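Colleague: I should be grateful for a close look at one part of this model, the backbone and the contacts around it. Please set out the residues involved in a single connected account.

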Amino acid sequence: MSLPAENNRLWTKKTIALVTRIEPAAELAWKSVLSEHLPDECILSFHEMTAIERQEAEIAIVANPDPAHVAALPNLVWIQSLWAGVERLVGELTGEGPPIVRLMDPELARTMAEAVLAWTYYLQRDMPAYRHQQIKRVWQPLPYRPPGQVTVGLLGLGLLGAAAADRLKGAGFKVKGWSRTPKQIEGVDTCSGESGLEGLLAASDILVCLVPLTPETQGLLNARRLSAMKCGSALINFARGPVVVTADLLAALDAGRLSHVVLDVFEREPLPMDSPLWEHPNLTILPHISAPTDHATAASIVAANIQAYRRSGCLPLTVDRGRGY
Ligand SMILES: NC(=O)c1ccc[n+]([C@@H]2O[C@H](COP(=O)([O-])OP(=O)(O)OC[C@H]3O[C@@H](n4cnc5c(N)ncnc54)[C@H](OP(=O)(O)O)[C@@H]3O)[C@@H](O)[C@H]2O)c1
């Protein structure tokens, strides 16, 4: 006699809900790697959970979840995000919800720091200008600027910003950094507040955006702040699209205030076909690839968080919903 599916599950294991709106194949890949790292847990996709399992789940592992599905898990104690950036999750899970734990993965920070260094070199070594010259068959060396003469300003000195600062310092760049609260990082000229930001914008040859999207940072780089940037400087946005006002950015590029802009993130992704950003000669468009999540390292961090919670009942560091990150 065959038993219903739920009876076949190892009932000694606790159920963890996997709630996503990612492609089914991608969800299956996450389910498989998470199950490998958490052999004592029963990880089930939201859609395959019974009503009882939905009642019982204390933990949800999420990636762009449908808020209605999260709400259908009434006894959640906490939510583990598979992503480092939780802007969308915080925005969508309004009200008094369970605490959210974001992915804090040193491997992701390393990958982001590598991307910041790679595109900083791209700008410092004038690769966009040489590309334009090649199209016109122009043979013209441009003056070389050693890293020690190039100031890189970082907006955001969190997990990713601090890792980027370290990598840039190691490569010999002058590094400035801006954060919400004052910070001290050896070898980095740090600041906070509006006056700190103004000074950093005026001094940076390359500005790198790594702040989370919150009500305070939405539209942070608007016409006023872009016009406060050093003339001919460049911008890299690896944070979230709405931190930069697109129309103001295009105006700053057209006015020559900015020499080149590298964008990895956009208000709408994929970037719509009719966006004027695609065609701009001084823009480099990347398809949100600066720091992809590594399944294996992410799963092992998620597993460590869950195992620690099962042992001690203590939650990992949670997102401050009021602050937005
Ligand atoms: N493109 C990609 O592939 C990708 C991948 C992962 C993440 N991201 C983006 O990167 C962002 C940063 O990640 P993270 O892990 O470094 O975040 P984090 O550790 O939370 O650090 C955020 C930093 O931004 C600062 N900040 C926040 N609000 C601010 C404000 N209003 N004014 C000034 N500074 C402010 C914080 O200041 P305090 O230190 O004072 O708190 C902190 O230094 C994520 O939120 C996400 O948007 C992008």
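Modeller: Asp126 is placed in the loop that runs between α6 and α7 (127-135). In this predicted model, Asp126 has a phi of about 55°, which is positive although the residue is not a glycine. His288 also calls for comment: its phi is near 50°, a positive value in a residue other than glycine. His288 belongs to the loop between β12 and α12. With a relative accessible area of 37%, His288 is partly exposed, because this value falls between the limits of 20% and 50%.

His288 leads to the ligand. A polar side-chain atom of His288 lies 3.5 Å from an oxygen atom of the ligand. For Ser290, a polar side-chain atom lies 2.9 Å from a nitrogen atom of the ligand. Leu157 takes part through its backbone, where an N or O atom is 2.9 Å from a ligand oxygen atom. On its own the ligand has 940 Å² of accessible area, and the protein covers 92% of it. Two or more residues of the shell around the ligand come from each of α6 (106-124), α8 (159-170) and β7 (174-179). Helix α6 is thus one of these elements, and the loop of Asp126 lies between α6 and α7. The largest share of the shell, 3 residues, is given by α8. Sorted by class, the shell has 14 nonpolar, 9 polar and 7 charged residues. Of the 30 residues around the ligand, those that come nearest are Glu87, Arg102, Thr181, Lys183 and Tyr325.

The backbone offers a further feature ahead of β12. The peptide bond from Glu269 to Pro270 is cis, with omega near -5°. Pro270 is found in the loop between β11 (258-263) and β12 (283-285).

On the other side of the loop of His288 is α12, and α12 (295-312) is among the elements against which the buried residues of α2 pack. The others are β1 (14-20), β2 (41-45) and β3 (59-63). Helix α2 comprises 14 residues, 24-37, and its first and last C-alpha atoms are 20 Å apart, close to the 20 Å expected at 1.5 Å a residue. Its buried residues are Glu27, Trp30, Lys31, Val33 and Leu34.

Pro24 is also part of α2, but Pro24 is exposed, because its relative accessible area of 65% is over 50%. Pro24 and His295 are separated by 271 residues in sequence, while their C-alpha atoms are 15 Å apart in space.

Glu27 connects α2 with Thr20, a residue of strand β1: a polar contact of 2.4 Å joins the two side chains. Thr20 has a relative accessibility of 9% and therefore counts as buried, the limit being under 20%. A polar atom of its side chain also lies 3.3 Å from the backbone nitrogen of Ile22. When residues up to four places away in sequence are left out, Thr20 touches Glu27, Ala63, Asn64 and Pro65. Glu27 therefore appears twice in this account, as a buried residue of α2 under the 20% limit and as the partner of Thr20 in the 2.4 Å polar contact.

Methods
Residues are numbered from 1 along each chain as its sequence is written. This is a predicted model: local features need pLDDT of at least 70, side-chain atom pairs count only at pLDDT 80 or more; totals for chains, interfaces and linings use all residues. Side-chain values use heavy atoms; hydrogens and water are left out. A residue is near a molecule or strand if one of its heavy atoms lies within 4 Å of it. A polar contact is a pair of N or O atoms within 3.5 Å; within protein, one must be able to donate a hydrogen and the other to accept it, and residues adjacent in sequence count only if both atoms are side-chain atoms. Accessible areas come from the Shrake-Rupley method with a 1.4 Å probe; for residues, only the protein chains shown count as cover. Helices (H or I, at least four residues) and strands (E, at least two) are DSSP runs, numbered from the N terminus. Ala, Val, Leu, Ile, Met, Phe, Trp, Tyr, Cys and Pro count as nonpolar, Asp, Glu, Lys and Arg as charged, and the others, Gly among them, as polar. The expected span of a helix is 1.5 Å times one less than its number of residues. Buried means under 20% relative accessible area, exposed over 50%, partly exposed in between (1.4 Å probe, protein chains only). Contact means heavy atoms within 4.5 Å.
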